[in-house]
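Biologist: I'm new to this one and would like to learn how to read it. Could you walk me through it, a feature at a time?

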Amino acid sequence: MNLNYKSYDVIVIGAGHAGCEAALASARMGCQTLLLTIDMDKIASMPCSPSIGGMAKGQLVKEIDALGGQMAKISDSSAIQYKTLNTRKGPAVHSTRTQNDKALYSKNMKAVIEKTKNLDLKQAMAQELVLENNVTKGIIDNTGFEYSTKAVVIATGTFLKGMVHIGSSRIEAGRAGEFSSIGLAQNLADIGFNIGRMKTGTPPRLHADTIDFSQFNIHSSSVNPKPFSFSTTDISNPMLPSFMGHTNPDTREVVRKNLKYSALYGGHIKGKSARYCPSFEDKVVKFPDRDSHHVILEYEGIDSKEIYASGLGNSLPLDIQYKLVRSVKGLEEAKIMRPAYAIEYDYINPLELSFALETKKINGLFLAGQINGTSGYEEAGAQGLWAGINAACLVQKRDPFILDRSQGYMGVMVDDLITKGTTEPYRMFTSRAEYRLLLREDNADLRLSQIGNNLGLINDDTLKLCKEIIRQTQQEIKRIKKKVVKPTKSVNDFLIAKGTNKIKTGVKLEQLLKRAELDYISLKKIFPQQEPILERAEQQIEIEIKYEGYIKRQLNEIKKYKDLEKINIPKTFNYTNAHGLSNELKEKLTQILPKSLGQASRIDGMTPAAISVLMVAISAFHPPKNKA
């Protein structure tokens, strides 16, 4: 056995979105870190959609940025279109989405990794974990070379026993054209992890010169795009449009007639498909009465002719894929540069994990990304950052990094995974976040920068700016709540011009700002600020005053939530002795080992009556005393 000359604090396996964030976080916290990847030319690859963010996913990216992660910055450096989604709704669900140059995204992330202090990047395939009494000691690659370490983060994406399906053709691959990780998958199974199979897929890539774009509706970038990262000051790439069209009954018939040739419906795939991102075969089968579905065409890069055909994902043979694609208006002459395919891969049930994303079986072993049953670059990046921070905390003997459900979307996601597990690809939604009005995109740095600074991931200048925004916001809100507006002619003329009722008696400026027709920018012109205020502070002032009632209600809900979270469950508590609980709940509680009554309350099947039983049992429990 060859032992590497250098011992690492943390080794990260896999350089996708999860692995990159994990490795950067660990290295920036001062840990000697090794990032292993099967192919160094595919760092932070975007094998599916050429986009970052979207509904709820944008919130995750903003939180990654607020904690010192890299995804938002790389997205800004490679963005070729910006959109803010849900602008007709309240700020709680506003979400940023970028369309990105895939090659530029990968290139820019690799450049950051190569320049990062304490971080080594190597091309190798991890084959086996080196363990000693269920404690992580190192890894062995496929050449037999051993690397020693104190902690390992596995972020293998779709590579664990990855199998690509195109019709009846099956290819062992982590992505099209890349090796599948067989040895490590078998090693994890031998250790005894609860392993399942999941399935995802990607649509065909079409040659731009063979598409009649005039048959599609053009969707351009936002006119004044706002950067993804709080630290980005300039957007320099050219903005490119996307194009929206529709399938038709002919497209549906192509699938219906050839469904038996689909890998998904032909019996070749056993893995669980993503409910919220169905393939076109799934749409035809599950929505048989729908005549058409959206097709969105997006450029994969500034200098690329490849077009990502969102909505046409399938696992049909290539000849049938041509019939499917060319049935769409505007794609009659389209050439397929890369066929659509489905991919099946191993994942580990996230009930095997603690809040730190550390496995319960093996100390010092952390999992992040699709290995935990999630889907999406953003979910992976958030878990990678979380796991990388906690691997570093373990090495440095610091308390684990944990956000609860009231602190961030990341906290919601991790709590969902380790408390409820998942049997299908997990995707983040705004509806999963109970306190979403407080967990907005616009305040992610204001919520999390202090935590990032404590970890050494956010610099003092950034923290100082966030504190100044908060100070200005609070000070101006006090002024607005005190300021009395009198019904002068100029005031009422202003109100009438804005389409709102005039006032007959003096009212607080706060009451005017709460009117739907008025905003802070227009009001400050006639009721000037006492001192210049940052634009970010002005945004916070308007949101906090207009949504004050809803915010207060959520703060009260958080207080109740925190009260349950404060009731810790002793690690030695035996659920089998809790009389009044069903056997099913006893089994779930024993498997999950919730750390608090709050976490226990979120386990599937838990009832208010069962929580009451558990509360009584915990209060009566006396941990066994250690023998001298």
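Modeller: Let's begin with helix length: the expected span of a helix is 1.5 Å times one less than its number of residues. Helices here are DSSP runs of H or I with at least four residues, strands are E runs of at least two, and both are numbered from the N terminus. Before the cases, a word on the source: this is a predicted model, where local features need pLDDT of at least 70 and side-chain atom pairs count only at pLDDT 80 or more, while totals for chains, interfaces and linings use all residues. Residues are numbered from 1 along each chain as its sequence is written, and side-chain values use heavy atoms, with hydrogens and water left out.

Biologist: Fine. How many residues does H9 have, and what does it reach from first C-alpha to last?

Modeller: H9 has 19 residues and reaches 27 Å, close to the 27 Å expected at 1.5 Å a residue. For H10, residues 409-420, the twelve residues should span 16 Å, and the end C-alpha atoms are indeed 16 Å apart, which agrees.

Biologist: How do I tell whether H9 is enclosed or open?

Modeller: Look at relative accessible area: under 20% is buried, over 50% is exposed, and in between is partly exposed (1.4 Å probe, protein chains only). In H9, 18 of the 19 residues are buried, so this helix is largely enclosed by the rest of the structure. H10 is mostly covered too, with eleven of its twelve residues buried. Among them are Tyr-409, Met-413, Asp-415, Asp-416 and Ile-418.

Biologist: What covers the buried residues of H10?

Modeller: The cover includes H2 (57-66), H9 (377-395), H18 (583-592) and H19 (597-601).

Biologist: H2 and H9 both appear there. At what angle do H2 and H9 pack?

Modeller: Axes are lines fitted to C-alpha atoms, for helices over the stretch in contact, and angles run from 0 to 180 degrees between N-to-C directions. H2 and H9 pack at about 30°, with axes 9 Å apart. That makes H2 roughly parallel to H9; the label is for angles under 35 degrees, with over 145 roughly antiparallel, 65 to 115 roughly perpendicular and the rest oblique.

Biologist: And is the crossing of H2 and H9 left-handed or right-handed?

Modeller: A crossing is left-handed if the near helix is turned anticlockwise from the far one by less than a right angle, and right-handed if clockwise. H2 and H9 cross in the left-handed way.

Biologist: Which residues meet in that pair?

Modeller: Contact means heavy atoms within 4.5 Å. From H2 come Lys-57, Leu-60, Val-61 and Ile-64, and they meet Glu-378, Glu-379, Gly-381, Ala-382 and Leu-385 of H9. By class, that contact of H2 with H9 has five nonpolar, one polar and three charged residues. Ala, Val, Leu, Ile, Met, Phe, Trp, Tyr, Cys and Pro count as nonpolar, Asp, Glu, Lys and Arg as charged, and the others, Gly among them, as polar.

Biologist: How does H2 pack with H11?

Modeller: H2 and H11 (residues 444-455) pack at about 35°, with axes 8 Å apart. This crossing is right-handed. Lys-62, Glu-63 and Ala-66 of H2 make the contact with Ala-444, Asp-445, Arg-447, Leu-448 and Ser-449 of H11. Those residues divide into three nonpolar, one polar and four charged.

Biologist: Now backbone angles. What sign of phi should I expect?

Modeller: Most residues other than glycine have a negative phi. Asn-86, which is not a glycine, has a positive phi of about 65°. Asn-86 sits in the loop between E5 (79-85) and E6 (95-100), and at 21% relative accessibility it counts as partly exposed. Leu-357 also has a positive phi, near 65°. Leu-357 is in the loop between E20 (341-348) and E21 (365-367), and counts as buried at 0%.

Biologist: Where is Leu-316, to take one more loop residue?

Modeller: Leu-316 is in the loop between E18 (306-310) and H8 (318-326). At 0% relative accessibility, Leu-316 counts as buried. Leaving aside neighbours within four places in sequence, its contacts include Ile-166, Val-255, Tyr-261 and Leu-324. Tyr-341 is 25 residues from Leu-316 in sequence and 7.5 Å away in space, C-alpha to C-alpha.
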